[in-house]
Amino acid sequence: MPAPEFQAFTIAFSGTNRRIITEIVVFPAFDPANVPSPLSTCTSQALWDTGASGSVISHGVAADLGLTPTGVTEVQTAGGKTMSPTYMVNLKLPNGVGVVGIQATTIDNTHGFGVIVGMDIICLGDLSITNVNRQTLMSFRT
């Protein structure tokens, strides 16, 4: 049996960071076997949040991609419960791995990030954060 192929990335941050932020590419959801042409994309800063059970896109990202809501769901935020439209998106992680068919919600305040990467994506791989000699390293492997 062949060994599984892993893809990973590691990002070094100067100093000890309390937030893990990477670049991410967002697409309207599509079947990778039938890539639409032209393909709409939005590159954004993403906050990796282990306290978020699901991923979130900003209203701006949804508007930039011309997304149509697929439904509405209740979300629990630090500010309380609210109703949120849902959108189906695909994401391209910093290691080039695509994540297909993510149901993302939107919230009014993403604190300046276009995307919040939640546990729905983080649990698809191995996340490691280390701090040695006042440098933060974040690695993610799928």
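Over how many bridges do strand E2 and E3 pair? In this predicted model, strand E2 (residues 20-28) and E3 are joined by 7 bridges and pair in the antiparallel sense. If you would like one pair of residues to fix your eye on, take Glu23, whose bridge partner in E3 is Gln45.

Strand E3 is a good place to stay for a moment. It spans residues 42-48, and 5 of its 7 residues are buried, so the strand is largely enclosed by the rest of the structure. Besides its antiparallel pairing with E2, E3 pairs in the parallel sense with strand E8 (residues 115-117), over 3 bridges. Here Ala46 can serve as a landmark, with Val115 as its bridge partner in E8. As a general reminder, strands of a sheet pair through backbone hydrogen bonds, either parallel or antiparallel.

Let us move on to another set of strands. An open sheet of 3 strands is arranged in the order E1-E10-E9, with antiparallel pairing. Strand E1 (8-14) and E9 stand at the edges with a single partner strand each, so one side of each has no neighbour in the sheet. From one strand to the next, the twist averages 15°. Strands E1 and E10 run antiparallel and are joined by 7 bridges; among the residues involved, Ala8 has Arg141 in E10 as its bridge partner.

Arg141 deserves a second look, this time for its side chain. It meets the side chain of Asp126 in a salt bridge, at 2.7 Å from N to O. Because Asp126 lies in strand E9 (residues 126-132) and Arg141 in strand E10 (residues 135-141), the pair ties together parts that are 15 residues apart in sequence. How buried or exposed are the two partners? Asp126 counts as partly exposed, at 42% relative accessibility, and Arg141 is partly exposed too, with a relative accessible area of 36%. The count for the model comes to 1 salt bridge.

Finally, turn to the empty space. The largest pocket holds about 630 Å³. It is lined by 30 residues, of which Val56, Gln76, Thr77, Ala78 and Ile107 are the closest to its centre. Strands E5 (71-77), E6 (80-92) and E7 (98-105) each supply at least two residues of this lining. In chemical character, the lining of the largest pocket divides into 10 nonpolar, 16 polar and 4 charged residues.

Key: Residues numbered from 1 in each chain as written. Predicted model: local features only at pLDDT ≥ 70, side-chain atom pairs only at ≥ 80, totals over all residues. Heavy atoms only, no water. 1 Å grid on protein atoms, 1.4 Å probe; cavity = no way out; pocket = protein on both sides within 12 Å on 5 of 7 lines; lining within 4 Å. Points joined across faces, edges and corners; volume = space filled by probe spheres on them. Helix = DSSP H or I, 4+ residues; strand = E, 2+ residues; numbered from the N terminus. Nonpolar A, V, L, I, M, F, W, Y, C, P; charged D, E, K, R; others polar. Salt bridge = Lys/Arg side-chain N within 4 Å of Asp/Glu carboxyl O. Buried < 20%, exposed > 50% of the residue type's maximum accessible area, 1.4 Å probe, protein only. Pairing = 2+ DSSP bridges. Axes fitted to C-alpha atoms, helices over the stretch in contact; angles between N-to-C directions.
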